[in-house]
Structure formats: C-alpha cells, structure tokens
Amino acid sequence: MKAVRLRTEYLSEPLGIDITRPRLYWNCDEGERQTAYRIVAVRDGDTVWDTGKVPSSRMSHIAYDGAPLGSRDCVAWSVTLWDEDDRAGEPAHSRFELGLLAPDDWSARWITGDYTPVRDVRYPVDCFRRTFRTRGPARRARLYITACGIYEARIDGRRVGEFQLAPGATDYRHRLQYQTYDVTDLVTGRGAGPMAGGGAGDHVLEVDLADGWYRGSVGCFGVTHVFGRETKLLCQLEVTYDDGSRDTIVSDDAFAWSNDGPVRFADLKDGEVYDAAMSPTYTRQARLTREHLTPTASNNVEPRTHEVFPARLLTTPGGARVLDFGQNIAGFVGFTAAGRKGQQITLRLGEVLDEDGEFTQANMQVHKPVKEFGPETEMLLITGQTALITEELQPTPRQEVTFRCSGTGRDHYRTAFAVFGFRYALVETDVDIDPADFHAVAVYSAMPQAGTFACSNPDVNRFLENTRWSMKGNFLDVPTDCPTRERLGWTGDAQIFVDTAAYLMDVAPFFRKWLLDVRDGQFADGTSSAVVPYNGASVLYDNSGVSVGWADAVVLIPYRLWKRYGDEEVIRDCYDTMRRYAQFMIDNTGHQDPEAAKANPYDAYVYEKGLHLGEWLEPTEFRDPMPSRAQPPRTEECTAYLYYTMRHMAEIAQALGHVDDAALFARYADGAKTAYQHLFLTQGGIDTDRQAKLVRPLALGLLDGEPRRKVQERLVTAVEQRGYRVGTGFLSTPFILPALTDAGRADVAYRMLENDQAPSWLAQVHAGATTVWEDWEGTASHNHYSPGAVCQWLFDTAAGIRVDGENHFVVAPVPGGTLTHVRAAYTSLYGTVHSHWEKTPAGLTVTVTVPSNTRADVRLPNGEKRTVPAGTHAFTITD
Ligand code: BGC
C-alpha cells in the first residue's frame with residue numbers, strides 16, 4: 001500500500017507557509033485498509049520527527065509534532081503505510097517550507113516611487129529595478145515579496161512565479177499577504193536565461209507595481225484610494241550558497257525607479273492603457289516609506305492563469321467588429337499586432353450581446369460620480385436615486401484596454417494588472433488585425449478540480465459546467481458575487497454555494513483564507529459586513545452586516561468545511577467569531593413592534609430587527625411587492641435563520657466541549673422553532689405558491705410530523721402549478737430539489753431540474769449561457785454562481801455521493817427524470833469515490849468505487865443497504 005496525494009495543510013508541497021505545526025494528509029493507493037503509518041521528517045539532513053509505526057487508519061489532519069520549526073525551514077517528509085496484512089509499502093515523499101515567521105526576519109524596507117501622489121489622480125505603473133551579483137552557484141534562492149498595490153517581479157527578464165495579481169486581496173487595514181518564490185533557477189541561470197551555465201554573475205531584479213485593490217477601483221461603485229494614496233513595495237531576495245553563507249538583497253533606496261514603462265494606466269476593473277513604444281528608464285531612485293503591517297503568509301492556493309480561448313470575429317448588424325471567445329470568463333486578454341507607431345487598438349470587454357446583436361456592457365455597469373463621493377452619494381447610488389446626484393456620472397467598470405503600437409514590428413500584449421469578466425471584445429482600431437492573433441485567458445485561484453459529473457441530458461451537463469465556470473470566474477483569492485459590476489466578497493453568495501463549490505473544486509485552503517478575511521472584518525457588535533473584505537463603499541460595508549443568510553456565513557461555512565473535510569481546527573479557529581455573531585442574534589430577538597411583542601408568547605425567540613435582504617432575487621412574478629424600495633418585514637426568513645444558526649452553533653459548541661454555550665444555543669434553536677411554527681402555522685398553515693416560503697421551513701428543519709407533510713404536499717402543488725419552473729431566490733435555490741426529494745418526490749425535483757421553460761436552470765442553457773446568471777431573467781450579471789448551487793444536488797443526490805465522517809462515505813444514488821445514466825466522481829479528502837448508475841434492459845445497474853482505506857454505506861434505490869470496503873462494487877436491480 002502506498003500513500004498518494006501527499007499534502008501539507010491541504011497544499012501540495014507549499015512554499016512559505018507560516019504554520020509551524022502543519023497538518024499532513026495523504027490518500028491510500030492499492031490495498032484495502034491502512035493499518036499503520038510511519039512519518040519521517042527531515043530538515044537539512046537531520047531527522048526532526050519520526051513517528052515510528054503508528055497503528056492507525058488515519059490519513060488526514062496529522063499535525064507535525066517533531067522538533068520546533070523556524071523561519072525558512074524546509075522539511076522533507078515521507079510516509080510509509082502498512083496494509084490489512086501488515087505489509088509495509090514503499091515510502092512516499094513530500095515537502096513543505098516555512099516562510100518568514102517573525103517581523104525581524106524582514107530586513108527589507110518599504111519603498112515607493114519618487115513622487116507625491118495626489119488624491120483622485122491616477123498614475124502609471126511604477127517600475128523598480130535593482131542589479132545584484134551572485135558569488136557562485138546558489139544552493140537555494142528565495143524571493144519574499146509583497147506590496148500595497150499589485151506587483152509583478154522579474155529576474156533577468158523572466159517572470160518570478162505564477163501568482164497573478166499578487167499579493168492577493170485582503171483587508172489591507174488589517175492583513176497583507178506576502179509570497180515566497182523559489183528563484184534558485186532564475187539566479188543560477190539554469191534554463192534559458194542569460195546566465196545559462198550557472199555560477200557567479202550579475203543579475204537584474206525588476207518589479208512593476210500597480211494600484212490593484214489598494215489604490216485602484218474596487219467594489220460596486222469603483223471607489224478608489226480605499227486603503228491609501230501611496231502604493232509601495234517590500235521585497236527580500238535571499239541567496240544561499242553551497243557553504244551555507246547567504247546574501248540578502250532587500251528593497252531600499254538603492255532601488256532605481258521610474259514610471260515611464262509601457263503600462264500608462266492600470267486598474268483592476270477599468271482596464272489598462274499600454275504604450276508599446278515605451279520602456280522604463282529607471283533614471284530615478286525609489287524612496288523609503290513606511291507601512292504599519294507585518295506581512296503574513298497566505299497558506300492558500302495562488303491565483304494563476306488557466307484555460308486559453310481563441311477568438312472568432314463577428315461583425316454585428318450595426319457593423320461593429322466583435323471578438324467572441326466562446327466562453328464567459330474572468331481573466332486577461334492577449335494579442336499580437338503590428339501597427340505604425342502610435343496607432344491604437346481599443347478593446348472593450350463585455351459578457352453579452354444585446355437583443356439587436358450589438359456589443360453591450362449595460363448588464364454589468366452602474367454609474368458612479370466622476371469625482372470621488374461621500375456617504376450621501378453612496379446612499380443615493382445604493383437606493384438607485386441617481387437622479388438626485390448633481391455631480392457628473394460615469395459608467396463603471398469600464399473593462400477597457402487601450403494599446404498603442406510601437407511601430408517596430410510585432411507587439412505583444414497580455415493584461416497583467418486588471419481582470420475582466422467577458423466573453424466578447426469590441427474592437428476599435430485601424431490596425432490590420434487577425435482574430436487568430438487574439439486570445440482570452442481565464443484567471444482564478446488554482447484549486448484542483450474535485451468533482452466530475454456527466455449524465456444523459458447534455459443540457460444538465462452544460463449547466464454544471466456553466467456553474468463551474470461561474471465559480472472559476474469568481475474564486476480569485478476571495479469568493480466574489482460577479483467578476484464585473486461589484487466583484488465583492490458577498491458572504492451570502494459564498495454561504496449558499498460553499499457545498500457546490502467543494503464538490504466542483506478543492507476549496508479547503510481557499511475558504512480558510514477567506515474566513516480570516518471574515519474574522520478581520522467582524523464588527524465590535526459581532527456582525528460582519530455582508531461584503532468581505534472591506535471595499536471602501538462604507539455605507540454598504542457598515543450597514544449590510546445583519547442580514548440573515550449573509551451574516552450566517554460566519555457560522556455555516558466553517559460548519560460545512562468541518563463536516564466535509566473533517567477539520568475540527570476550522571471550527572475551533574472560528575469559534576470566537578461565530579460565537580460573537582450568535583450572541584448578537586440572541587441579543588436582538590423580539591418583535592420590533594411592541595404590540596406584536598406583547599401578543600406573541602414566543603417573542604423572545606422571534607428575530608427580525610435590522611436590515612435583511614430576504615430571499616433575494618426570486619423571479620419577478622414571485623417577489624414581495626416593494627413599494628418605493630421599502631423593505632417588507634422579514635420575520636419569516638429571520639426567525640428561520642435564527643433557528644438554523646442556533647442549531648449549527650449548538651452542534652459546534654458541543655463538539656468543542658463548550659457545554660454551557662451548547663445549552664444556550666440549543667435553547668434558542670428550540671425557541672425559534674416554536675416561534676416560527678406559532679407565527680406561520682397556527683393560522684391555518686402556509687398556503688402560498690411562493691416556493692421559497694415552503695422550501696425554507698422544510699429544508700431548515702422547522703417542521704415535524706403532520707405540518708411538515710402538509711407543507712411538502714403544498715410545495716409539490718406550488719411547483720406543479722407553476723409548470724415546474726423555478727420560483728426561488730438566492731437563499732432557497734440550493735434547497736428546493738433536496739426538499740422535494742425528502743418529500744419523496746424526486747420525480748418532481750427532476751422535472752424541475754430538466755424543465756427548460758424560464759425561469760429555470762436549463763432555460764439559461766437554451767438561451768446560450770456559458771456561465772450562471774444573477775437573476776432568472778438574465779438582465780443583470782451573467783456570471784453569478786449562486787443560482788448554480790443546485791449542483792450540490794447533482795452530486796449528493798442524483799449521483800448520491802456524500803462524505804460521512806472520517807474515511808467513510810454514503811453513496812445513495814437517486815435515479816430519475818429522463819436520465820438514463822449518471823456518472824460522477826468526487827475527490828474528497830479521503831480519496832476519489834465514483835458513482836455510476838445506468839438504466840439497462842436488464843434493470844438498473846449501480847456501480848460504486850470506494851477508495852483504498854475507506855468504506856461506504858451504499859443505499860440502493862430499491863431500499864437495499866450494503867456496507868462495502870474499498871474497491872468497485874456493482875449491483876443490478878431488476879424491477
Ligand atoms: C450582489 C449579490 C449580493 C446581493 C445582496 C448584489 O448586488 O451582486 O450577489 O448577494 O447584492 O444584496
């Protein structure tokens with residue numbers, strides 16, 4: 001038996017983590033059961049940890065417990081496994097390296113460009129340069145680097161690493177990530193560099209620095225200068241030689257600087273202006289500056305470039321030239337072109353063509369004042385009262401590239417400091433262009449793919465891949481709502497989607513990082529903004545933190561990660577944050593209206609105070625009427641989520657041994673359930689066609705017995721009466737098919753899934769969508785993953801794959817609809833489990849493959865149950 005997929009803190013051979021007792025992981029290959037393991041860890045040739053043979057089936061969350069580790073330590077570890085016959089296999093090897101752990105590990109100084117930035121003025125990209133000399137072949141070289149802004153580093157002209165938009169997005173008021181790059185090959189010239197052959201020599205370190213999230217436009221209104229006026233850079237290059245001696249080259253005022261490079265303007269949302277005739281002169285010096293934060297490691301996967309799409313040229317009915325990349329993505333655009341000096345190519349990037357077939361950005365833009373604005377203007381923008389704004393308005397985001405040719409032959413362009421949400425590019429130029437010279441590149445955090453799903457309905461398969469694309473389009477260091485209009489870390493969207501996300505890609509380190517962002521942003525009263533990290537729209541940021549469904553992400557996301565990845569550390573680390581939010585809810589129960597409070601015997605467990613977004617974006621025909629944008633009371637949603645959150649908190653507190661807390665939360669869960677039933681069932685039960693109102697109490701577990709049965713029946717009627725079209729908004733969309741399945745009506749769930757009459761998931765596919773739309777009507781963003789949260793059901797119900805504790809699965813496929821087969825695989829923490837069912841003339845065949853060292857309870861559609869060990873198991877069910 002051999003260990004495979006070795007990982008440290010969920011990451012494959014991470015470099016520069018700052019966890020000194022990192023947890024180790026593997027999966028098993030060959031053999032049925034792991035009966036023992038032995039881990040040996042070596043640092044600089046010395047064994048720092050040897051577990052000896054440990055009788056255990058554990059292959060996850062095994063914390064390093066050897067000699068204390070420090071900054072820069074590189075640990076090579078191996079694991080040997082014993083199988084069910086006590087036979088030892090070959091050891092498997094992996095490694096991890098720590099970054100700079102203490103503030104005084106940094107001898108680098110913060111530097112900035114030689115100019116005094118003025119508010120509201122945007123500047124070209126800063127270009128820094130430092131030459132350095134190596135004394136001989138490097139045994140190892142590391143670049144530790146970060147910036148207030150976004151940076152790209154090169155050594156001898158070659159890009160350092162693959163991290164895009166480094167150092168990534170955090171609330172820079174509280175936390176700033178740095179990266180560690182292995183640049184040994186770059187400074188020894190191994191490979192194709194000018195120093196090929198290795199040895200001593202002169203090198204050049206260059207770093208470009210753009211505004212990024214720090215100073216560029218962020219959030220729905222493209223506010224700029226959110227974190228500061230002055231962008232700055234910190235870098236430390238450490239070159240270690242064979243004799244153990246080390247040279248350290250640090251950012252300081254010996255760095256040359258200029259801002260006359262080709263990137264004349266760069267903004268994450270608005271785009272770039274690039275002049276190919278320019279190159280930096282580095283004629284001035286960098287200036288020393290200060291920064292109050294000590295950078296920390298991100299312990300996360302990095303945003304990288306991924307799929308590349310060629311272009312097809314369309315001429316619109318109005319005569320415009322539009323490139324179609326065939327897939328809506330978030331990413332860069334690239335091209336080569338040969339024009340005369342100063343000749344210009346302008347690209348505007350958008351997601352859709354309008355009803356006349358013309359390029360448009362209208363579905364993803366809002367307006368903002370040309371000059372920066374204060375809270376009053378922001379309030380008018382949020383409430384849509386733009387007519388009352390006296391200042392001049394401009395559309396945002398611009399998503400535009402302006403490129404000036406050098407006139408010296410073929411020029412190359414690829415975006416570096418902006419990300420666009422787009423499928424189409426409107427091209428305006430008099431340069432002769434060839435569509436074959438253009439491409440689009442997807443950029444997202446490098447999460448390994450976890451799940452695959454294919455069934456006999458190609459539209460369902462397309463919808464699943466559309467959802468995966470919307471995930472890719474929005475998982476860039478932070479889970480955002482859309483890559484265009486807002487690009488904000490809306491907590492509710494992430495909460496709704498986390499389980500689907502985890503089936504599609506491995507999201508454990510990604511969410512762990514974002515939960516730090518959430519923790520950073522928690523307010524003193526226990527709420528967190530509904531948009532994390534901070535983005536400068538202060539009215540929105542400060543006032544959105546109460547809303548149920550959004551705020552509950554603080555509890556629900558750690559809970560789900562805990563269950564899926566068996567990671568108790570995540571709930572332990574988040575406990576304080578979760579507890580404070582739970583306490584906020586408890587402190588704010590009760591009707592707002594004193595009369596209603598007096599009349600309700602369960603008032604202490606009713607929840608409704610504060611600003612709540614409610615179900616959010618139900619199809620128009622299902623929505624609450626909202627006269628003049630006033631919010632209706634959300635007592636139903638709020639009391640339901642009080643119960644749901646308290647229930648989760650009680651379980652978490654119990655698991656962590658906080659017995660008193662567990663009792664408190666359980667009391668509030670019970671109370672909220674009673675209050676909910678009192679409010680919504682006593683007067684004749686819930687009689688409505690609004691699917692969300694029926695789905696919520698069922699899915700959240702608010703009803704039992706007869707009332708539950710009645711609401712289930714009513715839901716089926718509601719769905720049938722609407723012709724199986726989807727009537728839920730954000731909150732209930734992930735729950736509707738599970739609620740129908742639990743009601744014993746998987747047939748109705750399948751009809752809904754496969755229905756192509758709008759509003760429905762497949763209506764989007766039929767309309768040509770390549771990603772998931774924000775609203776069912778398709779009028780707004782075309783890249784919002786939240787309605788794709790239904791995909792969880794495809795994995796955990798249609799294919800029936802669920803993780804059920806350590807090294808254990810439940811596989812309970814539910815065939816149905818027009819589907820004649822489903823074939824799915826999910827690479828869980830414990831290995832890859834496959835579920836395949838097919839309707840054949842001989843009956844229904846179900847084939848389940850369970851990875852080595854795990855077991856599964858297989859529940860067949862005819863009610864039979866089997867517990868199976870690792871291996872492939874086939875079952876045939878005849879009628
Ligand atoms: C965002 C959503 C978000 C919502 C909450 C929208 O504008 O795009 O995804 O959850 O606001 O109000």
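**Entry 1: around the ligand**

I started by looking up which residues surround the ligand in this predicted model. I wrote down Asp481, Arg485, Glu486, Trp490, Asp493, Trp550, Leu613, Trp616, Phe730, Glu774 and His784. Then I sorted that shell by class and got 5 nonpolar, 1 polar and 5 charged residues.

Next I checked some polar side-chain atoms against the ligand's oxygen atoms. Asp481 has one that lies 2.7 Å from a ligand oxygen. For Arg485 I noted 2.8 Å to an oxygen atom of the ligand, and for His784 I noted 2.9 Å, again to a ligand oxygen. How much of the ligand's accessible area does the protein cover? The ligand on its own has 310 Å², and the protein covers 93% of that.

**Entry 2: domains**

I looked up how the chain is divided. The domain assignment lists domain 1 (2-98), domain 2 (106-300), domain 3 (304-364 + 399-445), domain 4 (461-587 + 760-789) and domain 5 (821-877). Domain 3 is written as two stretches, 304-364 and 399-445, and domain 4 also has two, 461-587 and 760-789. I took the centres of domain 3 and domain 5 over C-alpha atoms and found them 46 Å apart.

**Entry 3: Gln361**

Gln361 sits in the loop between strand S30 (359-360) and strand S31 (366-369). Is Gln361 buried or exposed? It has a relative accessible area of 5%, so it counts as buried, because the cut-off for buried is under 20%.

I then followed the side chain of Gln361. It makes a polar contact with the side chain of Gln365 at 3.0 Å. The side chain of Gln361 also reaches the backbone oxygen of Arg398, at 3.0 Å. Skipping neighbours within four places in sequence, I listed Arg348, Leu349, Arg398 and Gln399 as the contacts of Gln361. So Arg398 turned up in my notes for the side chain and again in the contact list.

**Entry 4: Ser60**

Ser60 is in the loop between strand S6 (54-55) and strand S7 (62-63). Its relative accessible area is 1%, so Ser60 is buried. What does Ser60 touch once neighbours within four places in sequence are left aside? I found Leu24, Tyr25, Leu829 and Tyr830. I looked back at the domain ranges here: Ser60 falls in domain 1 (2-98), while Leu829 and Tyr830 fall in domain 5 (821-877).

**Entry 5: backbone oddities**

A reminder to myself before this part: most residues other than glycine have a negative phi, and most peptide bonds are trans. I went looking for exceptions.

Ala166 and Pro167 are joined by a cis peptide bond, with omega about 10°. Pro167 belongs to the loop between strand S14 (158-159) and strand S15 (177-182). Leu165 is in the loop between S14 and S15 too, and it has a positive phi near 60° although it isn't a glycine. Leu165 is buried, at a relative accessible area of 3%.

Another cis peptide bond runs from Val532 to Pro533, and its omega is near 0°. I placed Pro533 in the loop between helix H6 (508-521) and helix H7 (538-543).

Glu9 also has a positive phi, about 50°, and it is not a glycine. I found Glu9 in the loop between strand S1 (2-8) and strand S2 (15-17). Its relative accessibility is 0%, so Glu9 goes down as buried.

**Entry 6: helix H18**

How many residues of helix H18 (791-798) are buried? I counted 8 of its 8 residues. They are Cys791, Gln792, Trp793, Leu794, Phe795, Asp796, Thr797 and Ala798. Just after H18 I noted Gly800, with a positive phi of about 80°.

**Entry 7: Leu15**

My last stop was Leu15, in strand S2. Leu15 has 30% relative accessibility, so it counts as partly exposed. I compared Leu15 with Asp73: they are 58 residues apart in sequence, and their C-alpha atoms are 10.0 Å apart in space. Not counting residues up to four places away in sequence, Leu15 touches Glu97, Arg142, Thr180, Tyr181 and Asp182.

Technical notes
Residues are numbered from 1 along each chain as its sequence is written. This is a predicted model: local features need pLDDT of at least 70, side-chain atom pairs count only at pLDDT 80 or more; totals for chains, interfaces and linings use all residues. Side-chain values use heavy atoms; hydrogens and water are left out. A residue is near a molecule or strand if one of its heavy atoms lies within 4 Å of it. A polar contact is a pair of N or O atoms within 3.5 Å; within protein, one must be able to donate a hydrogen and the other to accept it, and residues adjacent in sequence count only if both atoms are side-chain atoms. Accessible areas come from the Shrake-Rupley method with a 1.4 Å probe; for residues, only the protein chains shown count as cover. Ala, Val, Leu, Ile, Met, Phe, Trp, Tyr, Cys and Pro count as nonpolar, Asp, Glu, Lys and Arg as charged, and the others, Gly among them, as polar. Helices (H or I, at least four residues) and strands (E, at least two) are DSSP runs, numbered from the N terminus. Buried means under 20% relative accessible area, exposed over 50%, partly exposed in between (1.4 Å probe, protein chains only). Contact means heavy atoms within 4.5 Å. Domain bounds come from an automatic or database domain assignment.
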